[in-house]
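Could you walk me through this structure in my viewer, one selection at a time? I would like to know what to click on next and what I will find there.

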Amino acid sequence: MKGLLYCSLTIAVYLMAWKLQNRFQHSLLNPVLISILVLAGMLLAGNIPYSDYQQGGDWLSKLLNIAVVALGVPLYQQMREIHRELPGVILVVFISSLFALVSTVILALLAGADGQVAISLAPKSVTTPIALMIVDNLNGVPSLAAIAVILTGLMGAIFGLPLLSLLKITDPKARGIAMGTACHALGTARMAQSSLKEGAYSALALVLSASISALLAPWVVPWVLY
């Protein structure tokens, strides 16, 4: 019963946040960010244990898997064009993923973090299941990795499009690849709202980045650390 209650509450809060963003059209009113803040406030105000709320979260996690698969729809619709450019896209995402892993570890070490923290932050640009798998294999801290992934996605969803526009990057393919590689599913969901082509290239970059990072991380991260 608690699971159904908290699942319904989460969906209701998200829908209200989504309507709020649609009305005011401001990037800071990201529905995920607003939902996290509102729900966290409710849990704290009501002194509700997170374990109770997570009963509803488990239901939503199953629905999230379906939502991630739905991101493949724009990819399928643009498949003919993407197929011609696939080798170039793979090369760009490979370089971007490598840079993301190396630069994150180096910046974490320069900021005074120890090796375990640096490992946990390294896969911040891929989806949570892949990030947790990478961190688990490298003996990092899964909870820290999950927070880093969520914050990276939120920052990308909120500031990604304004930053790309500020840098005068207008090509929908470049915008989609940048967001999918840097900001995983949250960035891709934002691009899917922007345009079909941007959403398609972002979904492709999301999948490629997760796969490439999972292959590179066990070799690259220890090499940078030691």
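## Stop 1: a loop residue

Start by selecting N47, which counts as exposed because its relative accessibility is 69%. You are looking at a predicted model, so keep that in mind throughout the tour. N47 sits in the loop between helix 2 (31-45) and helix 3. Check its backbone as well: N47 is not a glycine, yet its phi is positive, at about 50°.

## Stop 2: the tyrosines

Next, move on to helix 3 (residues 50-70) and select Y50 and Y53, which are three residues apart in that helix, about one turn. An α-helix has 3.6 residues a turn, so residues three or four places apart point the same way.

How do the rings of Y50 and Y53 sit relative to each other? The count of aromatic pairs in the model comes to two. Y50 and Y53 form a tilted one, with 6.2 Å from centre to centre and 45° between the planes. Add Y6 to your selection, since ring pairs link Y6, Y50 and Y53 into a cluster.

Now colour the two helix 3 tyrosines by accessibility. Y50 counts as exposed, because its relative accessibility is 54%. Y53 has a relative accessibility of 12%, so Y53 counts as buried.

## Stop 3: helix 5 and the cavity

Select I95, which you will find in helix 5. With a relative accessible area of 51%, I95 is exposed. For a sense of scale, draw a distance from I95 to I106, eleven residues apart along the chain: their C-alpha atoms are separated by 16 Å.

Helix 5 (79-110) also takes you to an enclosed space. How many cavities of 30 Å³ or more does a search of the whole structure find? The search finds one, and its volume is about 50 Å³. To see what surrounds this cavity, select S97, A100, L101, A122, P123, K124, S125, V126, T181, S209 and S213. Helix 5 gives the most to this lining, with three residues, and both helix 5 and helix 10 (196-225) supply at least two. By class, the lining divides into five nonpolar, five polar and one charged residues.

## Stop 4: helix 8

Show residues 142-166 as a cartoon: this is helix 8, with 25 residues. From first C-alpha to last, helix 8 reaches 34 Å, close to the 36 Å expected at 1.5 Å a residue. Zoom in on F159, where helix 8 bends by about 50°. A proline, P162, follows within four residues of that bend. Then display the buried residues of helix 8, among them A145, A148, V149, T152, G153 and L154. Further along, the buried residues include G156, A157, I158, G160, L161 and L164.

## Stop 5: the second largest pocket

Keep helix 8 on screen, as it provides seven residues, the largest share of the lining of the second largest pocket. That pocket has a volume of about 420 Å³. Which of its 22 lining residues are closest to its centre? They are A178, M179, T181, A182 and C183. Helix 5, helix 8 and helix 9 (172-194) each supply at least two residues of this lining. Its residues fall into 13 nonpolar, eight polar and one charged. T181 is worth a second look, because this residue is listed both in the lining of the cavity from Stop 3 and among those closest to the centre of this pocket.

Select A178, which belongs to helix 9. A178 is partly exposed, with a relative accessible area of 35%. Draw one more distance, from A178 to I212: they are 34 residues apart along the chain, and their C-alpha atoms are separated by 15 Å.

## Stop 6: the kink in helix 9

Finally, view the whole of helix 9, which has 23 residues. Its end C-alpha atoms are only 10 Å apart, whereas a straight helix would reach 33 Å at 1.5 Å a residue. Where is the kink in helix 9 centred? Select H184: the kink is centred there, at about 145°. The phi of H184 is near 40°, a positive value in a residue other than glycine. H184 counts as buried, because its relative accessibility is 4%. Other buried residues of helix 9 include R175, G176, I177, M179 and G180.

Note on methods
Residues numbered from 1 in each chain as written. Predicted model: local features only at pLDDT ≥ 70, side-chain atom pairs only at ≥ 80, totals over all residues. Heavy atoms only, no water. 1 Å grid on protein atoms, 1.4 Å probe; cavity = no way out; pocket = protein on both sides within 12 Å on 5 of 7 lines; lining within 4 Å. Points joined across faces, edges and corners; volume = space filled by probe spheres on them. Nonpolar A, V, L, I, M, F, W, Y, C, P; charged D, E, K, R; others polar. Phe/Tyr/Trp six-rings, centres within 6.5 Å; stacked < 30°, edge-to-face > 60°. Buried < 20%, exposed > 50% of the residue type's maximum accessible area, 1.4 Å probe, protein only. Expected span 1.5 Å × (residues − 1). Bend = angle between axes of the 7 residues up to and from the residue.
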